[in-house]
Amino acid sequence: MMALISDRLLRHPNTDVRISVMSCICEVLRISSPHQPYENERMKVKCCIILLDIGCDSLVTKIFEVLLSTIKFNHPQAVFSYMEDIMTWLLDESDDIPLGLLKPILASVQKENQ
């Protein structure tokens, strides 16, 4: 199972290979649920970053929109931490930040200032 999350496959130059790998990972997670076959930190990073590798900017933007609009002050600190990690990894690994991604970020900052 560890072979599925190797950089060789996740960063393969062929988009079809990367999509097939993500499909396999999703299926492994579905079958093995609720027991995760991979360590938590590694899966979070790899699943997020693969979205950038296959050019899913709209999905990355949607992730930011959902995370920023659903977080509440009464959520446990771990939830904040995971959300922050996901957004930070996506921004750090992006070659450039899509303009569409700025909208939910700025909307969140504006909402907090009000």
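## Helices and overall make-up

In this predicted model, the protein chain contains six helices and zero strands. Read from start to end of the sequence, the pattern is α-α-α-α-α-α.

Of the 114 residues in the protein chain, 26% are buried. The accessible surface of the protein chain amounts to about 7,700 Å², and carbon and sulfur atoms account for 58% of that surface. Among contacts with a separation of 6 or more, 61% are between residues 24 or more positions apart.

## The nonpolar cores

In soluble globular proteins, nonpolar side chains tend to be buried together. The largest nonpolar core in this chain has 11 residues. Its members are Cys48, Leu51, Leu52, Val60, Phe64, Leu67, Met83, Ile86, Met87, Leu90 and Leu101. At least two residues of this core come from each of helix H3 (40–53), helix H4 (57–70) and helix H5 (77–93). Helix H5 supplies the largest share, four residues.

Leu90 is one of the core residues. With neighbours within four places in sequence left aside, Leu90 is in contact with Cys48, Leu52, Val60, Ile63 and Phe64. There is also a second, separate core of six residues, including Ile5, Leu10, Val21 and Ile25.

## Leu101, a buried residue of helix H6

Leu101 lies in helix H6 and belongs to the largest nonpolar core. Leu101 counts as buried because its relative accessible area is 1%, and the cut-off for buried is under 20%.

When neighbours within four places in sequence are left out, the contacts of Leu101 are Val60, Thr61, Phe64 and Leu91. Two of these, Val60 and Phe64, are listed in the largest core as well. Leu101 and Leu59 are 42 residues apart along the chain, and their C-alpha atoms are separated by 9.9 Å.

## The nonpolar surface patch

Leu91, Ile97, Leu99, Leu102 and Leu106 make a nonpolar patch of about 470 Å² on the surface. Helix H6 (residues 99–113) contributes the most to this patch, with three residues.

Is Leu99, one of the patch residues, buried or exposed? Leu99 has a relative accessibility of 72%, so it counts as exposed, given that the cut-off for exposed is over 50%. Leu99 is located in helix H6, as is Leu101. Helix H6 therefore holds both an exposed leucine, Leu99, and a buried one, Leu101.

Key
Residues numbered from 1 in each chain as written. Predicted model: local features only at pLDDT ≥ 70, side-chain atom pairs only at ≥ 80, totals over all residues. Heavy atoms only, no water. Patch = residues over 30% accessible without salt bridge, like charges linked within 9 Å, V, L, I, M, F, W, Y side chains within 5 Å. Areas by Shrake-Rupley, 256 points an atom, 1.4 Å probe, with all protein chains shown as cover. Salt bridge = Lys/Arg side-chain N within 4 Å of Asp/Glu carboxyl O. Buried < 20%, exposed > 50% of the residue type's maximum accessible area, 1.4 Å probe, protein only. Contact = heavy atoms within 4.5 Å. Core = buried A, V, L, I, M, F, W, Y, C linked by side-chain atoms within 4.5 Å.
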